[in-house]
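Reader: Hey, I've got a structure open and I'm a bit lost. Can you walk me through it?
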2 protein chains.
Amino acid sequence: MNDVKDIREQFIAAAGDLTQTLGFGRNIGQIYAHIYFSSDPQSLDNLTHSLGISKGSASMSVRQLEQWGALKHVWIKGERKDYYQTTEEFGKIIRKALVDMVGRTAESADHLLNESEKWLKHNNKNGATPDDIAFMAEKVKKLRNFRRRAQGLWNSPVIRLLLK
Amino acid sequence: MNDVKDIREQFIAAAGDLTQTLGFGRNIGQIYAHIYFSSDPQSLDNLTHSLGISKGSASMSVRQLEQWGALKHVWIKGERKDYYQTTEEFGKIIRKALVDMVGRTAESADHLLNESEKWLKHNNKNGATPDDIAFMAEKVKKLRNFRRRAQGLWNSPVIRLLLK
DNA sequence: CATTGTGTTCAATATGTATTGAACGCAATG
DNA sequence: CATTGCGTTCAATACATATTGAACACAATG
């Protein structure tokens, strides 16, 4: 028969796998799961010992998770260590992690779209044929439309409601 | 003044960066963008020459993109090479890529949730205190609820409509 | 004010995986 | 039926980046 410890560890391993395949390392997922399945707030020390990871990695991962609102700092009187517990607002966490992943890229994509449209409106096309220009205009337009739809989806009340 | 070629290449680079940060390599994004901004269907040869990538990589990337419905095969009479063009149904592509990313992990997560619930219903808890059990039950329940919500969101008509 | 207990930083390293390229299978061609 | 042109495969490699660990800063303690 399984032990409660086994199940805990399986969740931790699964969470690690998840964050791994998602492109954040294993530690992020493992740390969150470890704290999630702990009844007491956990310190960096707890993390390094329970998970066998380095202090440096634990420190950085915890800060990352804090930025996503996945962990919150907890003060324990008389204790000098920092303690953390999970917030468990999964939707909100995912939302912030998504912004983190595609945010910068989306910005540069917007910039590029603007540049393209500027170029299309400009007169001096530097030897591009009318066909080239029409083709490019069509492609850029489609991208812009999709960009708009994605933006709308992201900000839609339905998403805000469900992903929160 | 910018050349039309410059803009094309900037889009290709940006697409490469995007797929890179998303955890699929650079080539996938570059290939899609290159074909997207080509008026004629493109062959593996075109890809290796224009993008400076290997034949092997081009072959595998094209298959991946085909599986996501991002590229479709195109027959040109009298030609022995395989030619491809983009489908441009961005939403659908993203949907399939997402399934690819989290699909297997989601399955194993479901399995783990089921195992946990089975364990919680079972009698022989192997030395776990009542508190341990109650705590674990609460945590598993929250995860299950979120899983349900995520599933609902994924299958919701709004998402289906907008991500398609 | 020296010491001890913290968390942070960042260059070095380990790790996962994207990418290559040579070998292969297969079909079309002459 | 040998040859040429094509796409595929997969072990070797390159590459991006996650992770480490020693050095550091800072605050609390005696």
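Author: Sure! Keep in mind that this is a predicted model. Let's start at the DNA: 23 residues lie around DNA strand C, and those that come nearest are A:Gly56, A:Ser59, B:Gly25, B:Gly56 and B:Ser57.

Reader: Cool, which elements give two or more residues to the surface near DNA strand C?
Author: From chain A you have helix 1 (4-21), helix 3 (44-51) and helix 4 (55-67), and from chain B helix 2 (26-36) and helix 4 (55-67). Helix 4 of chain A has the largest share, with five residues.

Reader: And how do the residues of that surface divide into nonpolar, polar and charged?
Author: Eleven are polar, nine are charged and three are nonpolar.

Reader: OK, new topic. How many residues does the contact take from chain A and from chain B?
Author: It takes 38 residues from chain A and 38 residues from chain B. On chain A's side, the elements giving two or more residues are helix 1, helix 5 (90-121), helix 6 (130-155) and helix 7 (157-162). That side of chain A divides into 20 nonpolar, ten polar and eight charged residues.

Reader: What about the sheet in chain A, in what order do its strands come?
Author: The order is 1-3-2, in an open sheet of three strands with antiparallel pairing. Strand 1 (42-43) and strand 2 (71-74) of chain A each have a single partner strand, so one side of each has no neighbour in the sheet.

Reader: And which helix packs on the sheet?
Author: Helix 2 (residues 26-36) of chain A, which touches strand 1, strand 2 and strand 3 of chain A. The direction of helix 2 makes about 85° with that of strand 3 of chain A.

How values were computed:
Residues numbered from 1 in each chain as written. Chains lettered and ligands numbered in written order. Predicted model: local features only at pLDDT ≥ 70, side-chain atom pairs only at ≥ 80, totals over all residues. Near = placed C-beta within 6 Å. Helix = DSSP H or I, 4+ residues; strand = E, 2+ residues; numbered from the N terminus. Nonpolar A, V, L, I, M, F, W, Y, C, P; charged D, E, K, R; others polar. Contact = placed C-beta atoms within 7 Å. Pairing = 2+ DSSP bridges. Axes fitted to C-alpha atoms, helices over the stretch in contact; angles between N-to-C directions.
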